[in-house]
Amino acid sequence: MTAIPDLPIAVAGATGRMGHMLIEAILAADDTRLAGALDIAGSPALGQDASAWLGQTSGVAVSSDLHAGLKNARFLIDFTRPEGTLAHLKVCRELGVKAVIGTTGFSDAQKAEIADIAKDIAIVMAPNMSVGVNVTLKLLQMAAQALSTGYDIEIIEAHHRHKVDAPSGTALKMGEVIAEAIGRDLKECAVYERYGHTGERDPSTIGFSTIRGGDIVGDHTVLFAGIGERIEVTHKSSSRATYAQGSLRAVRFLAKQQRGLFDMFDVLGLR
Ligand SMILES: NC(=O)C1=CN([C@@H]2O[C@H](COP(=O)(O)OP(=O)(O)OC[C@H]3O[C@@H](n4cnc5c(N)ncnc54)[C@H](OP(=O)(O)O)[C@@H]3O)[C@@H](O)[C@H]2O)C=CC1
Ligand SMILES: O=C(O)C1=N[C@H](C(=O)O)C[C@H](O)C1
């Protein structure tokens, strides 16, 4: 009989929307164990049991002490804010804790810092952990190659009213994948705003539109608009559970890696 693996995981952003989903998923899975729960200093949940909100006792208290929160963990799952993620990763590097990063909104300089930390520890970083979105990215690669001329490309995303970054990390990733597939550089061709007398659309651009409202979990559409027809590739999330399950798949993948920076294409075998 083979032993079931024991994967001790700390969650950063433990009281956030994703933090709660992750704690629930870690407690429910056979091979994972909650080994730490981090939240920002000043959070009213500090000192409380990390699964008290579920009516359960995990035996893990929410802490803002990064060393205390990570010392019993082999993995960190981080869905917080870029500055928080970087602070957490520095302690992960020191303690040899592998990390799954779901946080979005990193600057180029922050991404370079993460790549540097990944020289010492294994990291999976992806703006969207759902299987569906990552398969959609593959579909977009193919669609963009086939529709590279004669079709205007627009990316439309919608999220809940609490989201703080725009466009979403997923929309930006879609833009990067499409731009790469058709030999463009997203930094040079992205249009993030239109207002007033914009002039006609430049066919070499990729446009982004952002909607924020209510409790929308996450919708993304890529529109390829041609003459006489248009193609829309849409993904809609109706539950954050898909992000949590994808994050656990990333942890299982990391269990076999020593160091390096990976994404969900690596985890899902889509590269
Ligand atoms: N990759 C993916 O699949 C997905 C990515 N995301 C991304 O994950 C991130 C979190 O999303 P969500 O859970 O909805 O956000 P929430 O605001 O609900 O949760 C964020 C958590 O992080 C804490 N936090 C905020 N700032 C810091 C900091 N500087 N240091 C440490 N902790 C901090 C918050 O504490 P407090 O509330 O006390 O401020 C809270 O517990 C976002 O970047 C979002 O875009 C979201 C869903 C899926
Ligand atoms: O903040 C969110 O909620 C989400 N953020 C991620 C993003 O920015 O792409 C992933 C998902 O869309 C939900």
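## The sheet of domain 2

Strand 10 (residues 218–225) runs antiparallel to strand 11, and eight bridges join the two. One pair in this ladder is H220 with H235, the latter in strand 11. Helix 5 (residues 131–146) packs on the sheet, where it touches strand 10 and strand 11. The direction of helix 5 makes about 165 degrees with that of strand 11. The model described here is predicted.

Strands 10 and 11 belong to an open sheet of five strands in the order 8-9-7-10-11, with mixed pairing. At its edges are strand 8 (190–191) and strand 11 (230–237), each of which pairs on one side only. Strand 7 and strand 9 run parallel and are joined by seven bridges; in this pairing E157 stands opposite T210 of strand 9. Strand 8 and strand 9 are also parallel, with two bridges between them. There, A190 has I206 of strand 9 as its bridge partner.

A further helix meets this sheet. Helix 6 (residues 169–181) lies across strand 7 (152–159), strand 8, strand 9 (206–212) and strand 10. The angle between helix 6 and strand 7 is about 160 degrees.

## A cis peptide bond

Which form does the peptide bond from A166 to P167 take, cis or trans? The bond is cis, with omega near -10 degrees. Most peptide bonds are trans. P167 sits in the loop that lies between strand 7 and helix 6.

## The parallel sheet

A second open sheet has seven strands in the order 3-2-1-4-5-6-12, and its pairing is parallel. Strand 3 (62–63) and strand 12 (260–262) form the edges, each pairing on one side only.

Strand 12 pairs with strand 6 (residues 122–125) in the parallel sense, over three bridges. Within this pairing, V124 stands opposite F262 of strand 12.

## Domains and their contact

The domain assignment divides the protein into domain 1, made of 7–125 + 240–268, and domain 2, made of 131–237. Domain 1 is thus given as two stretches of the chain, and domain 2 as one. Their C-alpha centres lie 29 Å apart. Eight residues from domain 1 and eight residues from domain 2 take part in the contact. On the domain 1 side, helix 8 (241–254) and helix 9 (264–268) each supply at least two residues. Helix 9 gives the largest share of that side, three residues. By class, the side of domain 1 that touches domain 2 has three nonpolar, four polar and one charged residues.

The UniProt record, an unreviewed entry, draws its bounds in another way. It lists "domain: Dihydrodipicolinate reductase N-terminal" at residues 8–129. Over residues 8–129 the chain is 34% helix and 21% strand, with the end C-alpha atoms 19 Å apart. The unreviewed entry also lists "domain: Dihydrodipicolinate reductase C-terminal", at residues 132–268. For residues 132–268 the figures are 37% helix and 26% strand, and the end C-alpha atoms are 11 Å apart.

## Surroundings of ligand 1

How many residues surround ligand 1? There are 25, and the closest are G13, G16, M18, G84 and G102. Helix 1 (17–28) and helix 3 (82–95) each contribute at least two residues to this shell. The largest share, three residues, comes from helix 1.

By class, the shell around ligand 1 has seven nonpolar, 13 polar and five charged residues.

## Surroundings of ligand 2

Which residues lie around ligand 2? They are T104, P127, N128, H159, K163, S168, G169, T170 and G218. Sorted by class, this shell has one nonpolar, seven polar and one charged residues.

Some of these residues fall in elements described above. H159 lies in strand 7 (152–159), and G218 lies in strand 10 (residues 218–225). G169 and T170 are part of helix 6 (residues 169–181).

Technical notes: Residues numbered from 1 in each chain as written. Chains lettered and ligands numbered in written order. Predicted model: local features only at pLDDT ≥ 70, side-chain atom pairs only at ≥ 80, totals over all residues. UniProt positions renumbered as here; feature names shortened; annotations may be inferred. Helix = DSSP H or I, 4+ residues; strand = E, 2+ residues; numbered from the N terminus. Near = placed C-beta within 6 Å. Nonpolar A, V, L, I, M, F, W, Y, C, P; charged D, E, K, R; others polar. Domains from an automatic or database assignment. Contact = placed C-beta atoms within 7 Å. Pairing = 2+ DSSP bridges. Axes fitted to C-alpha atoms, helices over the stretch in contact; angles between N-to-C directions.
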